[in-house]
Structures are given as C-alpha cells and as structure tokens.
Amino acid sequence: MLIPHPLLGPRDAQEFTYLGDAALIDRPDGLTEPEKFHDYAYLRDNPAGVHKELWFHEQGDRSWLVVTRNTVTHEILGAVLARDTARGRGRSK
Amino acid sequence: MKFSGWRVFREALTGHRGWTANWRDPDPKPAYDIIVVGGGGHGLATAFYLAKEFEQASVAVLEKGWIGGGNAGRNTTIIRSNYLLDGNEPFYEFSMKLWEGLEQDLNYNAMVSQRGILNLFHTDAQRDAYTRRGNAMLLHGADAELLDRDQVRTMYPFLNFDHARFPIKGGLLQRRGGTARHDAVAWGYARGADMRGVDIIQNCGVTGFRIENGKVLGVETTRGYIGAKKVGVAVAGNSSRVMAAAGMRLPIESHVLQAFVSEGLKPVIDGVMTFGAGHFYVSQSDKGGLVFGGDIDGYNSYAQRGNLPVIEDVAEGGMALMPMIGRARLLRTWGGVMDMSMDGSPFIDRTGVEGLYFNGGWCYGGFKATPASGYCFAHLLATDRPHATATAYRLDRFKRGAMIDEKGQGAQPNLH
C-alpha cells in the first residue's frame with residue numbers, strides 16, 4: 001500500500017506504524033467521564049468499507065496522518081496531517 | 001449412516017454406491033427455539049453440543065455462504081492448550097480434552113494428530129517466561145516439558161541453532177498439542193448436528209435482528225424472517241458488522257492474517273514448531289506441504305487477503321529458523337479475517353438484548369478453541385449460565401479491569 005503523504009508524496013505503508021480508528025483523536029477526560037473513556041479506549045466501529053485511521057510515519061518524518069482507506073479493498077483514498085484534523089475539531093495540537 | 005472400517009471395506013467391494021450426503025439441505029422453518037448465526041466451526045460445534053449435551057430439539061444454524069468456507073477453511077489447523085493466564089488455560093485445556101475424544105464423539109475422521117507443539121526460546125528471559133507458562137499449564141492439568149538445546153537438536157537437527165540474533169536455547173513442548181483436519185472438523189460437527197435434528201441452512205445471510213422491548217424475537221435473513229426464542233451469534237471476523245445490526249459496538253477490530261503452504265515435500269517436520277521471536281511457525285501436512293504463517297498484517301481489513309510485506313517478513317522468519325526452507329517453492333498464500341479483541345482474548349457472553357448471545361473475539365486462535373467454544377456457547381444458550389471454564393470471557397471485563405491479556409499489550413489489537 002502507498003500512502004499519499006501530504007508533505008512527502010507517496011510513501012510505502014511499511015514506513016508507518018498503525019494505531020487504529022481516527023476517532024482516537026477525540027480523547028475524553030477519563031477522570032470526569034469514566035464511562036465515555038471506556039468506550040473511547042475499548043470500543044470500535046470497525047466498519048467494512050471506508051475507514052479513517054491513524055498512521056505514524058515512524059521511518060520518515062514522524063508525523064501522524066489520518067488516512068482514509070477502504071478496509072474491503074485496501075484502496076487508500078487520501079491522507080491528511082492528523083494535526084490539521086485535530087485542530088479542525090478545536091484541539092490546540 | 002455410520003462410518004466404520006467395515007463400511008469402507010463393504011463400499012469398496014460394491015463400487016462406492018452406498019455413500020449418502022453427510023447432512024440435509026432443509027428449507028428454513030418459520031421459527032426455532034435457538035438460532036445459531038454462523039456456520040463455521042464454532043457455530044456448528046455449538047449446534048452439535050446443543051443437540052447432544054443439552055437436548056435441544058429445535059435448533060438451526062444459518063450460514064451466509066457454505067459451511068466451513070470462512071475461517072474454518074483458512075486456518076493452519078493447530079490445536080494446543082499452552083496458555084498462561086487463569087482465564088484462558090482451563091478453557092483451552094477443556095478444548096484439548098474434547099479434541100482427544102472428538103472423533104469418537106462425532107464418528108468422523110477429523111485427523112486429530114497429537115504430534116506435539118514446540119515453542120522455541122532464545123534468551124534466558126524467554127526461558128524463564130516459558131518455565132512459568134509450563135508450570136501454569138501443569139497446574140491446570142495440561143502437559144508441558146521444558147527442553148534444552150540438545151533435546152531440541154535431537155528433534156529437529158536441521159534448525160539454525162547458532163543464528164546470530166536468535167540462537168536456539170531450547171523450547172517448551174506440549175506433546176498433546178498438534179493438528180487436526182480443519183475442513184473435517186466443520187463437516188464432522190455439521191453431520192453430527194444434522195443427525196440430531198439441527199437444520200443447517202446455507203446461503204442464508206442474516207441481515208438484521210427483530211428486537212422488541214429489549215428482547216430478540218428472531219432474525220431477518222436473505223431467505224426471509226425466522227423467529228427464535230434465543231439467537232447465538234458466532235461469526236468471528238465479521239462480529240462487528242453483525243452485532244452493529246443489534247445496535248452494539250464491540251471491543252474488536254477486524255484484521256487479516258495470512259497463511260502459506262509449500263509444495264509437497266517428503267516428511268521433515270513431524271510436529272508443530274513456533275519461532276515467535278522471528279514471527280514464524282510451521283508444521284507439515286499429511287500431504288507433505290509445509291504449512292506456515294506469521295503475524296497479522298496489522299491494519300483493519302475485511303479483505304481476506306493480505307499484502308506482500310508480511311509475506312516477506314514470514315519468509316525471512318522461515319529462512320532464519322530453517323535455511324533449507326529456501327529450497328521449497330511456495331504453492332499458495334491466502335488470508336482470513338480475524339476478530340482482534342482489545343486484550344487478545346475471546347468473548348462468550350450474553351448481550352444487553354434479552355435472548356441475544358455473542359461468541360467472538362477469537363483473534364488468530366479460534367481453531368483450537370472450536371470444541372470448547374461450541375460446548376461453552378451451547379451451555380450458555382441452553383442454561384443462561386456461563387460454563388465453568390468460560391466465566392472470564394465477559395464483554396464488560398474492560399470496565400471491571402478484568403482483562404485477560406496474555407501478552408500484556410493493552411488495548412492495541414494489532415499487537416496481540
């Protein structure tokens with residue numbers, strides 16, 4: 001699989017490590033919302049089809065990406081910097 | 001139709017005209033007492049034990065394709081009970097005992113072969129870990145032997161003992177472990193269930209559940225609505241998709257695991273061998289093919305096929321362990337979709353919907369669990385109480401901090 005890195009162009013997926021569903025960006029406060037934190041940490045949508053997910057460019061520029069990929073065909077539909085996604089949702093970084 | 005040596009002899013003399021189909025192909029009835037969703041090994045075993053041990057007369061298995069066409073036919077056929085933790089080891093040892101009596105139970109040749117499974121270690125720390133695991137196995141009534149380097153060399157003289165990174169220092173051997181013919185396990189359970197009145201309905205995909213007032217009434221299928229007092233779902237690989245139809249989110253990600261088989265070779269490996277440090281394990285089928293595999297690809301997938309980097313990684317593991325494998329040609333590779341759970345252990349539990357039960361999260365270890373998974377799921381479906389060996393496999397264990405994490409990796413499914 002080739003991941004279209006927004007800064008570096010197409011990169012082999014082997015340069016990345018995989019974390020999981022991009023919903024992991026939206027981390028709730030585990031002290032005030034333990035029930036929500038359980039759902040955040042342990043439950044997944046796990047769809048068959050288009051999936052937004054976090055990949056870390058460990059063997060490259062060490063940026064986190066949100067990659068949109070089809071879990072049925074392995075087709076990669078796009079990639080953006082996770083920082084931009086997080087800031088877009090109101091986080092500081 | 002009962003199978004026996006005498007029967008084979010008689011059929012051989014009469015032109016093999018007396019063999020009949022191993023199970024019926026019935027149309028679905030309007031309703032059943034218990035519906036099992038998923039005609040893989042676990043679903044068929046569940047139906048078999050429901051009929052045999054729990055005397056349920058009205059049971060159906062619904063399968064979207066053909067029975068045994070999913071992961072039951074895609075695994076690498078290994079059976080073992082070499083686990084460490086209290087939540088797991090009694091369950092897998094129960095499964096091992098069921099394997100040992102399986103062919104007599106089923107009157108079916110499942111080719112259960114207790115040829116032994118050897119886990120290699122390469123460092124003092126790994127030896128300590130395997131000593132501990134072996135002791136845990138012995139305490140739960142399983143068998144385990146710690147072999148030193150010379151004993152391993154006697155068994156497999158061709159291994160690369162002086163590998164620079166992972167020199168072989170010994171191994172943990174479970175002699176009762178081994179292999180079984182995966183297709184025959186599904187077929188044997190199907191035949192046994194069918195003989196006891198279970199309807200096995202193929203080409204019947206479940207598209208939804210009919211749930212009213214928090215109670216399940218039946219399932220919507222591609223062949224119409226079928227009523228049921230209880231519904232048990234055993235569709236590992238697709239658990240999240242099916243249970244989403246009942247409004248549930250699961251602590252599961254689907255991942256692809258690849259497997260490999262070489263061309264047929266003369267006998268060279270008489271047991272099962274794992275080289276965990278190098279992401280490689282291998283056995284030899286009775287046809288002579290080396291059956292081997294390694295790690296999961298590591299990203300969410302429903303594709304039933306993997307990618308080349310893992311093939312390269314597995315091949316490197318094989319070359320590191322037994323360089324002669326480089327002379328064998330690869331015949332086939334394939335992939336199966338795993339329910340990777342958040343702690344690497346499975347679930348056999350009730351759900352928030354009355355009458356709806358869930359069996360899944362088997363990661364890459366579902367095949368060896370088939371008999372006990374079926375037995376324990378049947379126990380839960382019939383009695384509403386978990387079987388004594390499966391009490392830890394609850395869906396709420398993350399909330400209670402009662403994870404069963406053999407590798408201590410935390411909620412990161414691709415690391416289990």
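## The N-terminal helix of chain B

Helix α1(B) is followed by B:G15, whose phi is positive, near 70 degrees. This value, like every other in this report, comes from a predicted model. Helix α1 of chain B spans residues 5-13, and the number of buried residues among its nine is zero, so the helix lies largely in the open.

## The annotated segment

The unreviewed UniProt entry carries the annotation "domain: Rhodanese", which covers residues 34-78 of chain B. In the model, this span is 27% helix and 20% strand, and its end C-alpha atoms lie 30 Å apart.

## The eight-stranded sheet of chain B

Chain B contains an open sheet of eight strands, in the order β5-β6-β4-β13-β14-β15-β12-β16, with mixed pairing. The edges are occupied by β5 (145-148) and β16 (330-341) of chain B; each has a single partner strand, so one side of each is left without a neighbour in the sheet. From one strand to the next, the twist averages 25 degrees.

Helix α8 of chain B, residues 308-321, packs on this sheet and touches β12, β13, β14 (280-284), β15 and β16 of chain B. The direction of α8 makes about 135 degrees with that of β15(B).

## Strand β4(B) and its surroundings

Strands of a sheet pair through backbone hydrogen bonds, either parallel or antiparallel. Around β4(B), the pairing takes both forms: β4(B) runs antiparallel to strand β6 of chain B (residues 170-174), joined by five bridges, and pairs in the parallel sense with strand β13 of chain B (residues 272-275) over three bridges. Within the antiparallel pair, B:L118 stands opposite B:L173 in β6(B). Within the parallel pair, the bridge partner of B:N119 is B:T274 in β13(B).

Strand β4 of chain B, residues 117-121, is mostly covered, with five of its five residues buried. In a regular strand the side chains alternate between the two faces of the sheet. For β4(B), both faces are covered: B:I117, B:N119 and B:F121 are buried on one side, and B:L118 and B:L120 are buried on the other.

The pairing continues towards the β5 edge. Strands β5(B) and β6(B) are antiparallel and share four bridges. Here B:E145 has B:L173 of β6(B) as its bridge partner. B:L173 thus faces B:L118 in β4(B) and is also bridged to B:E145.

## The four-stranded sheet of chain A

In chain A, four strands form an open sheet in the order β3-β4-β5-β6, with antiparallel pairing. Its edge strands are β3 (17-21) and β6 (76-81) of chain A, each of which pairs on one side only. The twist averages 30 degrees from one strand to the next.

Strand β5 of chain A, residues 64-70, runs antiparallel to β6(A), and five bridges join the two. A:T68 stands opposite A:G78 in β6(A).

## The contact between the chains

The contact takes 21 residues from chain B and 18 residues from chain A. On the chain B side, α7 (239-244), β12 (252-264) and β15 (289-300) each supply at least two of the residues that touch chain A. By residue class, this side of chain B divides into 10 nonpolar, seven polar and four charged residues. Two of the contributing elements, β12 and β15 of chain B, are also strands of the eight-stranded sheet and are touched by helix α8 of chain B.

Notes: Residues are numbered from 1 along each chain as its sequence is written. Chains are lettered from A and ligands numbered from 1 in the order in which they are written. This is a predicted model: local features need pLDDT of at least 70, side-chain atom pairs count only at pLDDT 80 or more; totals for chains, interfaces and linings use all residues. UniProt positions are given in the numbering used here, feature names are shortened, and annotations may be inferred rather than shown by experiment. Two residues are in contact if their C-beta atoms, placed from the backbone, lie within 7 Å. Ala, Val, Leu, Ile, Met, Phe, Trp, Tyr, Cys and Pro count as nonpolar, Asp, Glu, Lys and Arg as charged, and the others, Gly among them, as polar. Two strands pair if DSSP finds at least two bridges between them. Axes are lines fitted to C-alpha atoms, for helices over the stretch in contact, and angles run from 0 to 180 degrees between N-to-C directions. A residue is buried if 20 or more other C-beta atoms lie within 10 Å of its own, exposed if 12 or fewer, and partly exposed in between; C-beta atoms are placed from the backbone.
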